[in-house]
Amino acid sequence: LSLSLSPPVSPPPPGAHITSVPGLLTRPCGFELEVPAIDRTNNRMKSSHDMATKDRPPLDPHTREIDLVNRDPKHLNQEMVKVEFEEVTAEPDGLHSAAGVWRVTRSTFTVSQYWCYRLLTAVCGVPAAIFWGFLFACGTFWQVWAAVPCVRCHLLALHCLARTFPVCLRGVCDPLSRAAGGVLHSLRLALGSGS
């Protein structure tokens with residue numbers, strides 16, 4: 001373990017995420033503690049740090065803190081959901097409404113969209129989350145407990161068939177092919193002019 005002194009770090013603002021760098025633990029007092037990589041080729045623990053982290057429960061992705069600012073971290077709605085006023089409504093170059101009407105229209109659209117979305121999510125958000133959670137749980141259950149074992153079972157059966165089918169084919173078709181070849185070998189075709 002090596003200890004290095006870094007400049008004091010100001011605490012992060014509330015709600016901010018602290019990202020960790022592998023092999024580097026950041027302490028609020030400004031000290032950085034570097035932990036060497038742990039070699040587990042012999043299934044033996046190499047450091048006291050590993051023994052300390054072994055007793056900690058693993059991080060559960062379902063109980064981690066959520067980001068309330070960036071609610072689309074995987075960019076699912078980046079291309080599909082365009083709901084800003086400028087992305088929904090546009091006037092062509094030749095026809096423009098009055099500037100005041102355009103401002104009121106934009107404000108009305110934005111405010112009504114905002115409050116309607118808030119109301120719908122307040123009323124339907126939790127039931128929709130329950131429905132989609134149930135649906136994805138059923139899909140995952142089906143995939144884990146039905147589809148994959150069924151595919152594995154079929155692959156096992158096909159593997160057995162792939163081993164036995166060529167043996168059976170050679171045992172039946174080879175003698176028949178040899179016999180047919182012996183019969184056809186003795187045949188002679190004479191081509192002559194028809195008279």
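Me: Why is Arg 106 called partly exposed?
Reply: Arg 106 has a relative accessible area of 36%, and partly exposed lies between buried, under 20%, and exposed, over 50% (1.4 Å probe, protein chains only), so Arg 106 belongs to the partly exposed class. This is a predicted model, in which local features need pLDDT of at least 70 and side-chain atom pairs pLDDT 80 or more, while totals for chains, interfaces and linings use all residues. Residues are numbered from 1 along each chain as its sequence is written, and side-chain values use heavy atoms, leaving out hydrogens and water.

Me: What makes Glu 86 and Arg 106 a salt bridge?
Reply: The closest N and O atoms of Glu 86 and Arg 106 are 2.8 Å apart, and a salt bridge asks for a side-chain nitrogen of Lys or Arg within 4 Å of a carboxyl oxygen of Asp or Glu, so the pair qualifies. The structure holds one salt bridge.

Me: How do you know that Cys 150 and Cys 153 are not bonded?
Reply: The sulfur of Cys 150 has its closest cysteine sulfur in Cys 153, 6.6 Å away, whereas a disulfide needs two cysteine sulfur atoms within 2.5 Å, so this pair is too far apart for a bond. A search of the whole structure finds zero disulfides.

Me: Why do Cys 138 and Cys 150 count as partly exposed?
Reply: Relative accessibility is 36% for Cys 138 and 39% for Cys 150, so both values fall between the two limits that separate buried from exposed.
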